[in-house]
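Q: Hi! Could you walk me through this model? I'm new to this, so plain words please.

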Amino acid sequence: MYKFKEKYEYYLKIFEDYAKSQADKLSTMPEILGESMKYSLFLGGKRVRPVLALAVADIFNIERSDILPYALALEMIHTYSLIHDDLPAMDNDDFRRGKPSNHKKYGEANAILAGDGLLNTAYSICIEQCLKGEKYCLASQILCDYAGINGMIAGQSLDLKLTSSNEKSSENDLLTIYTLKTGKLLLAPILIVSILNGGKYYLELQEFGQNLGELFQFTDDILDEIGSFEKLGKTIGKDKTEKKLTSISFYGLDGAKIQADMRATKCYNILDGIDGDTEFLVDLISYIRNREN
């Protein structure tokens, strides 16, 4: 009998086993570079992006051997972004997932290089996939584009700009940050699967991923307001302290919860129109909306 938690753990194990097998091949000089890269890569976490990639792949019967390299590249990019986010020049957080941030353990300079190392290794994985053919090139392009100046990095830059500005921010500013900073890396694993499946349900999956990304960020904002260090493993209330533009500052706590519920409903409705076993994705929406970390 299907159980969401068991299926999630199943996907998680598939990814962890693959990631560790690839990390075992990683050799750096000096050794501290590889050590610091692996420290953050295996610091824990929900691994939502790899799990999402594997789950969508199963709906369309895509070979896992085609998906896992992209899933690892995505998680490397996500991890590098967290290492850099925690630096004093960015969000200045001493903890990540309940343990010392990379720069607190290895120093700021080594943390920067660990992030750079993960990013470049991810791109190397994507280039290797390109040798398989055109659709793999398109999948690699999506990942790299969404992680770069048209995606996550642009969102981070806009977030910094609006945080330091005295100008009044709009709802469009908020949603643009969410779409770029968080949404693109949650959308990438979904669209990669669609591309490898010949583009089937591309537009539907694109809308699903966009709403899922916004849902994830709305929930993050809510947890920063009402969560605990014990469950989140990072400093709580920093967004308010630093006067960041968030759904809480814009809509208020209750308004942010309503916005999150609206995105969840949109995700459910989109899945209704997709042929295949989407039960796990339906439950994943609820998991993201109701998570405590």
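Q: How many disulfides does the structure hold?
A: Zero. A disulfide here is a pair of cysteine sulfur atoms within 2.5 Å. Keep in mind that this is a predicted model, where local features need pLDDT of at least 70 and side-chain atom pairs count only at pLDDT 80 or more, while totals for chains, interfaces and linings use all residues. Residues are numbered from 1 along each chain as its sequence is written, and side-chain values use heavy atoms, leaving out hydrogens and water.

Q: Why is there no bond for Cys 144?
A: Its closest cysteine sulfur, in Cys 126, is 4.2 Å away, which is too far for a bond.

Q: Is Cys 267 buried or exposed?
A: Cys 267 is buried, because its relative accessible area is 0%. Buried means under 20% relative accessible area, exposed means over 50%, and partly exposed is in between (1.4 Å probe, protein chains only). Cys 144, at 23%, is partly exposed.

Q: New topic: what is the chain built from, helices or strands?
A: Both: the protein chain has 15 helices and two strands. These are DSSP runs, numbered from the N terminus: helices are H or I with at least four residues, strands are E with at least two.

Q: What about helix H6, how far does it reach?
A: H6 covers residues 108–130 and reaches 34 Å from its first C-alpha to its last, close to the expected 33 Å. That expected span is 1.5 Å times one less than the number of residues.

Q: And which helices do its buried residues pack against?
A: They pack against H2 (31–41), H4 (64–85), H5 (102–106) and H7 (134–147). Among the buried residues of H6 are Leu 118, Leu 119 and Cys 126.

Q: You mentioned H2. What does Lys 38 touch there?
A: Lys 38, which sits in helix H2, touches Ala 23 and Leu 26, not counting residues up to four places away in sequence. Touching, or contact, means heavy atoms within 4.5 Å. Lys 38 counts as partly exposed because its relative accessibility is 29%.

Q: Last one: which residues have the most contacts inside the largest nonpolar core?
A: Phe 60 and Ile 77, in a core of 84 residues. The largest share of this core, 14 residues, comes from helix H9 (171–196). Such a core is a set of buried Ala, Val, Leu, Ile, Met, Phe, Trp, Tyr and Cys residues joined through side-chain atoms within 4.5 Å. Phe 60 touches several residues farther along the sequence, including Val 193 and Ile 274.
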